[in-house]
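Please open the structure in a viewer and keep the selection tool at hand. The stops below are to be taken in order.

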Amino acid sequence: MIVPLSHVLLLSAILLVIGLVGFLIRRDAITVFLSVEIILNAANVAFIGFSRFLGDELGQVVAFVVIAAAAAEAAIGLALVVRLENEKRTLELDDLKDLKG
């Protein structure tokens, strides 16, 4: 069964909206990082959908690169969360600016 491109793009748009709402509404670090991951997955769904529609593998290669970048972002985000928890005993992003130095 072949899924139409319009359905794939609709799913991608729904994921993008969910990620943006989570990113803009919530202020704790874990929810923000999770929202960024959802936004990156929305981009991956769109890349793979267009790749399938056009019959080209470039979209799948780009999606793989996005997954690698998301893994690096998750590692850096986890390090920031651990440091923020150790320093301030909170995960609020407003306290992150106090970690200079």
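Begin by selecting Leu16, which is partly exposed because its relative accessible area is 36%, a value between the limits of 20% for buried and 50% for exposed. Please bear in mind throughout that the model is predicted. Leu16 belongs to helix H1, which covers residues 5–25.

Next, extend the selection from Leu16 to Val17, Leu20, Val21, Phe23, Leu24 and Ile25. Together with Leu16, these residues form a nonpolar surface patch of about 640 Å². Displaying the surface of this group will show the patch to which Leu16 contributes.

Now show H1 together with helix H2, residues 29–54. How far apart are the axes of H1 and H2, and at what angle do the helices pack? The axes are 8 Å apart, and the packing angle is about 165°. H1 is therefore roughly antiparallel to H2, since angles over 145 degrees are classed in this way. The crossing of these two helices is left-handed.

Proceed to Arg26 and Asp28, and display their side chains. A salt bridge joins the two, with an N to O distance of 3.6 Å. How many salt bridges does the structure hold? There is one. Are its partners buried or exposed, or does either fall in between? Arg26 has a relative accessibility of 43% and so counts as partly exposed. Asp28, by contrast, counts as buried because its relative accessibility is 18%, the cut-off for buried being under 20%.

The next stop is helix H3, residues 58–88, where Ala69 is to be selected. Ala69 is partly exposed, as its relative accessible area is 45%. Add His7 to the selection and draw a line between the two C-alpha atoms: the separation is 26 Å, for residues that lie 62 apart along the chain.

Remain in helix H3 and select Gly59. Is Gly59 buried or exposed? Its relative accessibility is 13%, so Gly59 counts as buried. Finally, add Ile48, which is 11 residues from Gly59 along the chain. The C-alpha atoms of Gly59 and Ile48 are separated by 5.4 Å.

To review the tour, return to three selections. The first is the nonpolar patch that includes Leu16 and Phe23. The second is the salt bridge between Arg26 and Asp28. The third is the pair Gly59 and Ile48, with C-alpha atoms 5.4 Å apart.

How values were computed:
Residues numbered from 1 in each chain as written. Predicted model: local features only at pLDDT ≥ 70, side-chain atom pairs only at ≥ 80, totals over all residues. Heavy atoms only, no water. Patch = residues over 30% accessible without salt bridge, like charges linked within 9 Å, V, L, I, M, F, W, Y side chains within 5 Å. Areas by Shrake-Rupley, 256 points an atom, 1.4 Å probe, with all protein chains shown as cover. Salt bridge = Lys/Arg side-chain N within 4 Å of Asp/Glu carboxyl O. Helix = DSSP H or I, 4+ residues; strand = E, 2+ residues; numbered from the N terminus. Buried < 20%, exposed > 50% of the residue type's maximum accessible area, 1.4 Å probe, protein only. Axes fitted to C-alpha atoms, helices over the stretch in contact; angles between N-to-C directions. Parallel < 35°, antiparallel > 145°, perpendicular 65-115°, else oblique. Left-handed = near helix turned anticlockwise from the far one by under 90°.
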